[in-house]
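Reader: I should like to learn how strand pairing and a chain contact are read from a model. Please take the features one at a time.

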Amino acid sequence: MEQSLSSGRLIKAPENFLNKDGIKAVFSEAKNGRRDFIRRAFAAAATGAAVPVALAQGNPVPTEGGDPNILNLPAHSVGLGQGVAQNDGYGKPSQYESGVQRRQSPGLTQTTQASVSFAPLQSLFGIVTPSGLHFERHHQGWWDIDPSKHRLMINGMVKAAKVFTLDEIMRLPAVSRFHFIECGANTAVEWGNVAVPTVQYTHGMVSCSEFTGVPLITLLELAGADLKNGKFVLAEGADGSSMTRTIPMSLIKSGEVFVAYGQNGEMLRPEQGYPLRLIVPGIQGVSWVKYLRRIEMGDMPYAAKDEAIHYMDLLPSGQHRQYSGIQECKSVVTTPSGGQVLLDKGFYNITGLAWSGKGKIKKVDVSVDGGRNWRSTRLQGPVMSKALTRFNIDWVWDGKPAIIQSRATDETGFVQPNYKQLRAVRGTRSIYHNNAIQSWLVQENGEVKNVQVS
Amino acid sequence: MFRFRKAVISLALLALAGVATAQSAAKISGLGRDATPKELAAWDIDVRPDFKGLPAGSGTVTQGQDIWEGKCASCHGFFGESGEVFSPIIGGVQPKDLESGHVANLTTPGYPGRTTFMKVATISTVWDFVNRAMPWNAPKTLKTDEVYAVLAFMLNIATIVPDDFTLNEKTIRDVQKRMPNRNGMMTDHALWPGKEFGGTKLPDTRNVACMKDCTPEPKLDSFLPDFARNAHGNLAEQNRLVGAQHGADTTQPELKSGEKACGPQAVRGGTCRWCRCGQAGCQKSSGLAAKKWLSGVPRYEQQNSWASLHRCS
């Protein structure tokens, strides 16, 4: 035991693997030397699937000369499987994936309707967030709105205020684009110190989807909007909060802002604004107004509640930065990350996500010594503007403590800051737009902890 | 920036090779119809900082107090001070702030909270929001005069207007001149795309992508205390069943360096909760136990869980 610990070999931890009764049964059977029973009990625990376990599948050759999972053909190899179109015709994840969920951070909010659930970044691959795991941020609860009754109004500085049905919007020339959406308050709780254990809670208010819809400029032109004198656009939701935000004209004129009904090949999920939401690439999620019902062309900013009371960045001077929308370049290692346990020393693929509200990711570097030395990672294609970018790098863990960090650079040349640099200009009370470099401490016992370093 | 859209359009045209005439947005016809005045009145409810969109009406502090106590106080407290459900609305403003237009407590790092009236620079914002989104469970049900009255009450307990104040579409302009944080906003930063606010394109942090010997030995500044280990639930259940890493079982204390798993004797002894090797009452794991532990074969012959290996009851 001593030797194995010092060499960094990991303790296997089968706690909660079996329930009390199971354990009792296993014991009595084990005493009688019935190993096969024990194996079956393990299998049963796994198929029960209520409790994933921190159990390493060290892959030794058992004494009987082969892995029982190979030697004893399982039911799925010797039986008839299930038929098509089950689950009411809509496929669901495997029962073994039940631990991969979006979750609330305990104590963060006092209601579930003005609250947040975080995407499980530690368990996701690639760059697309499954729609059912997309982070949620609601201001006054979510609704499932009948799309045949939903309307979009365009008014303000336009020749003729217009009303569109979904049928009409879906007849217009459509675009599909991958973009990340990040809440301005992502990583907010970490401004002053470490507050939460895992990447789900530190960074889980970012997601990425392929959205489909109609460029807003098309709708504005159809209404004869005064694009010369119009300087600001108001977007407004149809839900109880009727969220309003001032949308930057430059991103509308560039064609980047669009009115989306599609998400990852299907319609938007209700939690994401079904049937219509605004897509404002690179800008914090609160501007991506859900249940979009109205667009108003105007000539001055609107100072809506979430740009005049919240979503403003307090500086040490006591002044607030207002209309601070861009999500600057940021990255985070998702595996290994906080709350995980490395199963053994040896080879690992460090992987994570990078994004920038100003364009494409140019490079991501990773350090395993707390920022002293860095290596450039492999960026996984496609690398798209204002979309999540996946990075990977090889790592051989020697069993000694390591501090893993990632640092992204975007196509403007901007390099993601560390906490010292960020706090030097913004203090620790800004709440929003924390894009500091994240540190994960890998301890000798294999457990990974959320830490901040200087 | 405008080029981007043109590029998109020309790409679309390429895709439609053979179509002779360019289809610009202006050629789309028959989609969308004119909104009626009634429809506009129903939905165009926003109020701007220059009070464009503000309907005429009025309400007194006293009227507002009645509405407040009936429809607002259960969440926000009788004086708007409650932080139990939402951030507090009232508090933290001092008389001198009304003169300066800067809330002094915003510069006090130790000040416990930041209330609505400490932050908001524009009274139009409060009118607009109460009108569109309050009360919490019945938004848009307040009549125009009721919105004025609720605002009059809030402004009164925020010490911005006197007890006998009547708020209407005219007096609200005077209120704006007394808003305690009216001068507290700045827009000349790099976080708005475009030139409308006279901001800068230069970010306020300037890291460089140093690759070698960049910093001295890193020092741990902040980490979660042990008592918070399980505050977000069992992290083992928040990770996949398989993977390069598994989730840590945070229902159990982690094994610390210098602390080793103890054998079953210690468990039976029950003299310590957490065994340190060498500590009286605890013993190191036997070689046999360790071997079985690491071999990956069933480990339940002697202990009923990993926890009992290193925790004494």
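Author: In this predicted model, A:Q380 has A:R390 as its bridge partner in β21(A). The two strands concerned, β20(A) and strand β21 (residues 389–397) of chain A, run antiparallel and are joined by three bridges.

Reader: In what order do the strands of the open sheet stand?

Author: Strands of a sheet pair through backbone hydrogen bonds, in a parallel or an antiparallel sense. Here, the open sheet has four strands in the order β15-β17-β21-β20 (chain A), and the pairing is antiparallel.

Reader: Which strands stand at the edges?

Author: They are β15 (330–335) and β20 (378–380) of chain A; each has a single partner strand, so one side of each lacks a neighbour in the sheet. Direction ignored, neighbouring strands of this sheet are turned by 30 degrees against each other on average.

Reader: How should one read the side-chain directions along a strand such as strand β23 of chain A?

Author: In a regular strand the side chains alternate between the two faces of the sheet. In strand β23 (residues 439–442) of chain A, A:S439 and A:L441 point one way, while A:W440 and A:V442 point the other way. Are these residues buried or exposed? All are buried.

Reader: Which strands pair with β23(A)?

Author: Strand β22 (residues 402–410) of chain A is joined to β23(A) by four bridges, and the two run antiparallel. Within β23(A), A:W440 stands opposite A:I404. Four bridges also join β23(A) to β24(A), again in an antiparallel arrangement. There, A:S439 has A:V451 in β24(A) as its bridge partner.

Reader: What lies between β23(A) and β24(A)?

Author: The two strands form a hairpin, with five residues between them. In the turn, A:G446 has a positive phi of about 90 degrees.

Reader: How many residues does each chain bring to the contact?

Author: Chain A contributes 135 residues and chain B contributes 104 residues. On the side of chain A that touches chain B, the largest share, five residues, comes from strand β24 (residues 448–453) of chain A. By class, this side of chain A has 63 nonpolar, 45 polar and 27 charged residues.

Reader: With which strand of chain B does β24(A) pair?

Author: The partner is strand β5 (residues 220–223) of chain B, paired with β24(A) in the antiparallel sense over three bridges. A:V451 has B:F223 in β5(B) as its bridge partner. A:V451 is also the bridge partner of A:S439, a residue of β23(A).

Note on methods: Residues numbered from 1 in each chain as written. Chains lettered and ligands numbered in written order. Predicted model: local features only at pLDDT ≥ 70, side-chain atom pairs only at ≥ 80, totals over all residues. Contact = placed C-beta atoms within 7 Å. Nonpolar A, V, L, I, M, F, W, Y, C, P; charged D, E, K, R; others polar. Pairing = 2+ DSSP bridges. Axes fitted to C-alpha atoms, helices over the stretch in contact; angles between N-to-C directions. Buried ≥ 20, exposed ≤ 12 C-beta atoms within 10 Å, placed from the backbone.
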